[in-house]
Amino acid sequence: QVQLVEAGGGLVQPGGFLTLSCATSGLVFDVYTLAWYRQAPGKQRELVAQERPGGNSDYADFARGRFVISRDRFRKTIELQMNNLKLEDTAVYYCAATHQYRDNYWGQGTQVTVSS
């Protein structure tokens, strides 16, 4: 019933930019913390950024100042604007909707490759 679908990944050169989008359906959108995670080969999945229902956002150190997470309450999407991309940003990026007293949901992931 609940579905999260990422889009916008691809190949980009260092210093470039990408905007990821996560379309949601079947979700009580406004009560969930919405987040972006990423996982590179051989590494653990890590939080990139998250936005709480009240609008407060948290960023990983590597993302702060370069990435921006936003919640579109009309389209019910989660976006991640990524600027000044680096080689180490290469990973599969996942969107997630979490809630302490409800089920958590994950998208299927979208590949971001930063290469010259």
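**Exercise 1. The side chain of E6**

Find which backbone nitrogen lies 2.9 Å from a polar atom of the side chain of E6 in this predicted model, and work out what else surrounds that residue.

*Solution.*

Step 1. Start with the distance: the nitrogen belongs to G109, whose backbone N is 2.9 Å from a polar side-chain atom of E6. The E6 side chain also reaches the backbone nitrogen of C95, at 2.8 Å.

Step 2. Place the residue. E6 sits in strand β1, which covers residues 3-7.

Step 3. Look for a charged partner. E6 is buried and has no salt bridge; R45, the nearest side chain of opposite charge, is 7.8 Å away. A salt bridge would need a side-chain nitrogen of Lys or Arg within 4 Å of a carboxyl oxygen.

Step 4. List the surroundings. Beyond the neighbours within four places in sequence, the contacts of E6 include S21, C22, W36, Y93 and Y94. C95 and G109 are among these contacts too.

**Exercise 2. Two faces of β11**

Determine which side chains of β11 are buried and which are not, then find the strands that pair with β11.

*Solution.*

Step 1. Recall the rule: in a regular strand, side chains alternate between the two faces of the sheet.

Step 2. Apply it to the strand. T110, V112 and V114 point to one face and are buried, while Q111 and T113 point to the other face and are not buried.

Step 3. Check one residue. V114 counts as buried because its relative accessibility is 4%, and the cut-off for buried is under 20%. Its contacts outside the neighbours within four places include V12, P14, L85 and L87. E88 is 26 residues from V114 in sequence, yet their C-alpha atoms are 7.6 Å apart.

Step 4. Add the partners. β2 (residues 10-12) pairs with β11 in the parallel sense over 3 bridges, with L11 opposite T113. β9 and β11 run antiparallel, joined by 3 bridges, and here Y93 stands opposite T110.

**Exercise 3. Positive phi in two loops**

For K76 and N84, give the phi angle, the loop and the exposure class.

*Solution.*

Step 1. Read the angles. Phi is near 55° for K76 and near 50° for N84; each is a positive value in a residue other than glycine.

Step 2. Locate the residues. K76 is in the loop between β7 (67-72) and β8 (77-82), whereas N84 is in the loop between β8 and β9 (91-98).

Step 3. Classify the exposure. K76 is partly exposed because its relative accessibility is 38%. N84 has a relative accessible area of 47%, so N84 is partly exposed as well.

Note on methods
Residues are numbered from 1 along each chain as its sequence is written. This is a predicted model: local features need pLDDT of at least 70, side-chain atom pairs count only at pLDDT 80 or more; totals for chains, interfaces and linings use all residues. Side-chain values use heavy atoms; hydrogens and water are left out. Helices (H or I, at least four residues) and strands (E, at least two) are DSSP runs, numbered from the N terminus. Buried means under 20% relative accessible area, exposed over 50%, partly exposed in between (1.4 Å probe, protein chains only). Lys and Arg count as positive and Asp and Glu as negative; His and the chain ends are not counted. A polar contact is a pair of N or O atoms within 3.5 Å; within protein, one must be able to donate a hydrogen and the other to accept it, and residues adjacent in sequence count only if both atoms are side-chain atoms. Contact means heavy atoms within 4.5 Å. Two strands pair if DSSP finds at least two bridges between them.
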